[in-house]
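User: Please take a close look at the largest pocket and describe what forms its lining. I should then like a connected account of the strands, rings and loop residues elsewhere in the structure.

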Amino acid sequence: MSSSQQPRRRFVIGLFLIAAVVQVLYRPAQCLSLIKYLSTEYNLSKIYSIIERNQIANTTIHLRSVTVFAPHNEAFLKITKQDSDDEYLPCYHITNVPMKLEQLGKSVFSELDGNPPIWITKKSPEEIYVNQAKVVYNLANYEHNNTFGKPQVLHVIDQVLQPLRMKKNSPQNVYNPNAWEFMENAEYLDLDSYHTNTFLQRVQNLDKKSVFSNQGGHTFFIPVDEVANYPKVKPEKIDVKVIDAHIVPDNVLFLGPTNEEEQFKTLAFTDMLKVFTSLSKAVEGDKTKYYVSSDTVVGDDVHPTGAVVAEIVKANIPVRNGVVHLISRPLMIVDNNVKQFIEQSYKDREDSVLHRFYEEIMNSGGDFLEKLTAMPNVTLFAPSNAAFNDQSIQPYLLNRTYIRSLLDLHIVNRRLSIDDIVAESIDKRFQVQTEVPRKDLFFNVVTSGKNRTLTLEGGGVNATVVQANLAATNGIIHIIDHVLGIPSSTVDRKLATDPTLNETNYLGQVSSLNDQLGDVQKRFTYFVPRDFAWKRLAIDNPSAYKKLFMPEYSNIARQILERHLIIADKVFTMDDLRKEANNNYNLSVHLPTVRDVSMYIKIKDSVEGYSIEWRNEWIHVHRSDVRCTNGIIHVIDKVLIDESDVEVNGAIATKSITALVLVLAQYLVFYYFN
């Protein structure tokens, strides 16, 4: 070997030696045994410490094949430490079969006494839940053999798994009970002082033990005996069908992985009776409460249609055949009228969903509740607490007389479930009269997969139903997210959010007319053609319709919209215009619109509502007096357009283009020949 090659050879050998040293001193995580990995990972120090202190768990990991579901340290900060943590938690996070995520089935058996199951929910290959806890996907599937060559797998999770625990100093041990054994031995279990004796007694009396003992994976909602501020239900009302409505067969529904408002068939779902259940939550401040709803969509003489909601007071209790949630009251039982529902939803509880609604009713005199009681079939659209806490409406709430009149806008004198509204909305946009004369509610249903969203408009305000079909003996309650009748948006925002005004909103945007409609210093009265009116124009005059929606004709579209718009120091309600017409002996009313300052219309008032006459044609006002913070909208059924509007302007545009082409041609000829 030449002397010149020796240094190069020594250099290469040196690199290999350095790499070998680094390999020894800094081995990647996958080269550590599972127990060593837990001991060296700072963010897993809490689960490591409780495993280390538990002799069974510690020995199991050192000697056997295992899968460990390891909560990170932040997960432990979310729970209240209990004296029995060292006894229950270590072995409940371990199973004695090594399984990567793709190998997990519907459940695995833990190493806790009795081998209670840990339930697996796979929403997607990368979204997997273990009971209530979500697997941290990029920290899952760590695998290594222990010193005895046994394969082991670790998955990091975001919550601490909570097994069923015994009461301290309990005289009897209960190992891995099913739902029936859970109820039967509830007095020995640590259930935060809740008792289930009433429901248990009814299950025994009606011989329904078997439905709580069925093997497999199911969800059980078990009512507790009594919760403060929740009304007690007469035990005899809990019949066989009601009991069945508390069970969701073949679905293990922990709160974390279950989609809100997704409906599941209960055991009470049959050919003659159809009862679904769904989960929801309400967040107010730093509090989150969870609820279960039973929705009877097809009822019978004993079980009326509508939803009954109960608060989940203790959730996610794993049992051998699924999961148990303790709830505040029995589902499916309707024993209060609408007035009682509101009163008992209040009960001096500021966190109750209708607390603010009840306060406003009482502040305005309270007779509203008596009116509800006197109605045999009523639908109430009740604003939530958040709706009344909206800062933009606070000045209106000081006017008690005004608020009392608005309350009637939230009542319909008939039963209307979500299914009723959907059925009525198939061929048309459904509207229904409220208890305020000439004030209808207009509904819109949006369906996306299994989810249905119901929106409505009343008094110019759009609201969304956030909790539907709450059943009462004399009606149905829907909870909405805005107070109807109190404007909270400007004219431009109203156009942008109303699903029936899309065409006018689009033309206003492309023609820049909408830019001024957000000005809160001005007052606008806008006769807005709804989408139906534009479709009508497309049929009557397809050429004009097509041109107006071309970008090059946006100036013409703006001029036509300006004919519908009045800017003044005040707004004009339809009643204002009708009175002015009466003062003129029912002759025309002068409308100083932006385009036609000398425009005149006539007003007609009938049972069907208002109509206006323009160019010898009567046009129905589909919705009148839609109030906004800076104006008022009247939704009409026809576009105020004359054939000459598009033709004349079109001719002008054509002549202008022709003249421009001639000038360019002359310029090119001059340039070319000179």
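Analyst: The lining of the largest pocket is made up of 35 residues, and those nearest the pocket centre are I79, Q162, K314, A315 and N316. Two elements each give two or more residues to this lining, namely β13 (287–298) and β14 (306–319). The greatest contribution comes from β14, which supplies eight residues. The model is a predicted one, and in it the largest pocket holds about 1,000 Å³ of space. By residue class, the lining of this pocket comprises 19 nonpolar, nine charged and seven polar residues.

Beyond the pocket, strand β16 (residues 378–383) is mostly covered, with six of its six residues buried. The cover extends to both faces of β16: V378, L380 and A382 are buried on one side, and T379, F381 and P383 are buried on the other. Strand β16 runs parallel to strand β22 (residues 475–480), to which six bridges join it. Within that pairing, F381 has H478 of β22 as its bridge partner. Strand β16 also pairs with strand β17 (residues 411–412), here in the antiparallel sense and over two bridges. In this second pairing, L380 is matched with I411 of β17. L380 and F381 thus each have a bridge partner, I411 for the former and H478 for the latter, and they belong to opposite faces of β16.

A separate topic is the open sheet of four strands, which has the order β3-β4-β5-β6 and antiparallel pairing. The edges of this sheet are β3 (107–109) and β6 (133–134); each has a single partner strand, so one side of each is left without a neighbour in the sheet. For β3, the link to strand β4 (residues 117–124) consists of three bridges, and the two strands run antiparallel. One residue pair in this link is S107 with its bridge partner W119 in β4.

Turning to the aromatic side chains, the structure contains twelve aromatic pairs. In the pair of F269 and F276, the ring centres are 5.1 Å apart and the planes meet at 65°, so the arrangement is edge-to-face. The angle that qualifies a pair for this class is one over 60 degrees. F276 has a relative accessible area of 18% and is therefore buried, whereas F269, at 22% relative accessibility, counts as partly exposed. The cut-off for burial is under 20% relative accessible area, which is why the two residues are classed separately. Elsewhere, Y506, W534, Y545 and F549 are linked by ring pairs into a cluster.

Two rings have a charged group over them. K604 lies over the face of W618, at a distance of 4.6 Å from the ring centre. The ring of F442 has the charged end of R623 over it, 5.1 Å from the centre of that ring.

Finally, two loop residues merit attention for their backbone. N176 is not a glycine, yet it has a positive phi of about 50°. This residue is placed in the loop between β8 (151–157) and α7 (179–184), and N176 is buried, with a relative accessible area of 12%. S193, likewise not a glycine, has a positive phi of about 70°. The loop that holds S193 lies between α7 and α8 (197–205), and S193 counts as exposed at 67% relative accessibility.

Conventions. Residues are numbered from 1 along each chain as its sequence is written. This is a predicted model: local features need pLDDT of at least 70, side-chain atom pairs count only at pLDDT 80 or more; totals for chains, interfaces and linings use all residues. Side-chain values use heavy atoms; hydrogens and water are left out. Rings of Phe, Tyr and Trp (its six-membered ring) pair if their centres lie within 6.5 Å; planes under 30 degrees apart count as stacked, over 60 as edge-to-face and the rest as tilted. Buried means under 20% relative accessible area, exposed over 50%, partly exposed in between (1.4 Å probe, protein chains only). A charge sits over a ring if NZ of Lys or CZ of Arg is within 6 Å of the ring centre and within 35 degrees of the ring normal. On a 1 Å grid over the protein atoms alone, a cavity is a set of points where a 1.4 Å probe fits but cannot get out, and a pocket is an open set with protein on both sides within 12 Å along at least five of seven lines; lining residues have an atom within 4 Å of a point. Grid points are joined across faces, edges and corners, and a volume is the space filled by probe spheres set on the points. Ala, Val, Leu, Ile, Met, Phe, Trp, Tyr, Cys and Pro count as nonpolar, Asp, Glu, Lys and Arg as charged, and the others, Gly among them, as polar. Two strands pair if DSSP finds at least two bridges between them.
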